[in-house]
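Thanks for making the time this morning. I would like to walk you through one structure, and I will go slowly for anyone who has not looked at it before.

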Amino acid sequence: MKPPHTPVLLNEVLQSFAMIPKEGILLDCTLGYGGHTLALLQKFPQLQIFAIDRDKKAIELASHHLEHFKDRVEIFWGRFSEVAYEILQKYSQKIVGILADIGVSSMQFDNQERGFCFESENLDMRMDINQALNAKDIINTYHQAELERIFKDYGEIREYKKMAALITQERKRQTITSAKALSQLIAKAFRHPKIHPATQCFQALRIEVNDELGELRRFLGIFEQISLPLNTPLSIISFHSLEDRIIKNQFKLWEKSCICPHQIMRCECGNHHQKGRMLFKKPLIATSQEILANPRSRSAKLRTFVFGAC
């Protein structure tokens, strides 16, 4: 059975889990279409996978794609930081690996009704359609200063004040109801040499709607509380610099044995706090062949931390 698309960095994901035991539980925190889960089930015939997604439509589709392996897959609905914590509390010593593919899935991007793409007649961007806050609410109700904050912090937009002012002026004239109208408004006022002028705005809105950075930080915080078996890899795929920076900095912190403040002349912490090591010195990225087949993979980065490996 093949997934409806090839998941991003598939070979690199399989490489990051090459050393795991043949038996045990692998936790896929972001199921999506189920492409990574399917490949792992095929590669490790005795592996069991617990998979999580907050999008019920994704769960429905993935369940169909994984029907052949239903005896080896258990799927959970909810935010991955919350569900992963519950699973790890109960099964931590049976876990052999953890995977998280952070961000919006191709299924969500490609479905115009979800309001993630520039041409959509909706302005939504919720991964979980049951939650209240959506992108339309943000664009039409946030104060200008709040829009400036998310455009600056989450979109890293240089002219964040200009963009926020443009939107607040437009919504006085009429409610902004579609992603298409918003992207066209921005494209008329801004230029970018490499990407659509609204790309960073849409990124900022998506992060705010879904609390993506907060979710990532809460997820990483789980491993401050729960111990895993030796040599358990945690592999995380990110798609923009904000996420990657959080992951990289946390992995570097986990590699430190001494966690004393820099101003302390002599170690006072005991110098035994190292949790493990990074499997790769630099993040794994898509090959030129993958980027050609799937342009969205050009921004993907995979980092892997191995707990207990020193």
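Before I point at anything, a word on naming: the helices here are DSSP runs of H or I with at least four residues, and they are numbered from the N terminus. Please also keep in mind that what you see is a predicted model.

With that naming in hand, let us begin at Arg-206, which has its place in helix α10. Is Arg-206 buried or exposed? Its relative accessibility is 11%, and because buried means under 20%, Arg-206 counts as buried. Setting aside residues up to four places away in sequence, Arg-206 touches Val-104, Phe-109, Phe-116, Met-125, Glu-212 and His-240.

Now to the nonpolar interior. The largest nonpolar core takes in 63 residues, and those with the most contacts inside it are Leu-27, Ile-98, Phe-151, Leu-182, Phe-219 and Phe-223. The greatest contribution to this core comes from helix α10, residues 199-210, which supplies 6 residues. Apart from this core there lies another one, of 29 residues, including Leu-14, Ala-62, Val-96 and Leu-99. Coming back to Leu-182, if we again leave out residues up to four places away in sequence, we find that Leu-182 touches Leu-123, Ile-139, Ile-167, Ile-176, Cys-201, Phe-202 and Leu-205.

Next, please look at strand β5, residues 232-238, where Ser-235 is found. Ser-235 is buried, with a relative accessible area of 0%, and its side chain is joined to that of Thr-304 by a polar contact of 2.8 Å. Beyond its neighbours within four places in sequence, Ser-235 is in contact with several residues, among them Ser-16, Phe-17, Ile-98, Leu-99 and Thr-304.

My last stop is empty space. How many cavities of 30 Å³ or more does a search of the whole structure find? The search finds 1, and about 40 Å³ of space lies in the largest cavity. Its lining consists of Arg-54, Asp-55, Lys-56, Lys-57, Arg-114, Met-127, Asp-128, Ile-129 and Asn-130, which by class comes to 2 nonpolar, 1 polar and 6 charged residues.

From that lining I would single out Ile-129, which is found in the loop between α5 (106-110) and α6 (135-141). Ile-129 has 52% relative accessibility, and since exposed means over 50%, Ile-129 counts as exposed. Although Ile-129 and Lys-57 are 72 residues apart in sequence, the distance between them in space is 9.5 Å, C-alpha to C-alpha.

Methods. Residues are numbered from 1 along each chain as its sequence is written. This is a predicted model: local features need pLDDT of at least 70, side-chain atom pairs count only at pLDDT 80 or more; totals for chains, interfaces and linings use all residues. Side-chain values use heavy atoms; hydrogens and water are left out. A nonpolar core is a set of buried Ala, Val, Leu, Ile, Met, Phe, Trp, Tyr and Cys residues joined through side-chain atoms within 4.5 Å. Buried means under 20% relative accessible area, exposed over 50%, partly exposed in between (1.4 Å probe, protein chains only). Helices (H or I, at least four residues) and strands (E, at least two) are DSSP runs, numbered from the N terminus. Contact means heavy atoms within 4.5 Å. A polar contact is a pair of N or O atoms within 3.5 Å; within protein, one must be able to donate a hydrogen and the other to accept it, and residues adjacent in sequence count only if both atoms are side-chain atoms. On a 1 Å grid over the protein atoms alone, a cavity is a set of points where a 1.4 Å probe fits but cannot get out, and a pocket is an open set with protein on both sides within 12 Å along at least five of seven lines; lining residues have an atom within 4 Å of a point. Grid points are joined across faces, edges and corners, and a volume is the space filled by probe spheres set on the points. Ala, Val, Leu, Ile, Met, Phe, Trp, Tyr, Cys and Pro count as nonpolar, Asp, Glu, Lys and Arg as charged, and the others, Gly among them, as polar.
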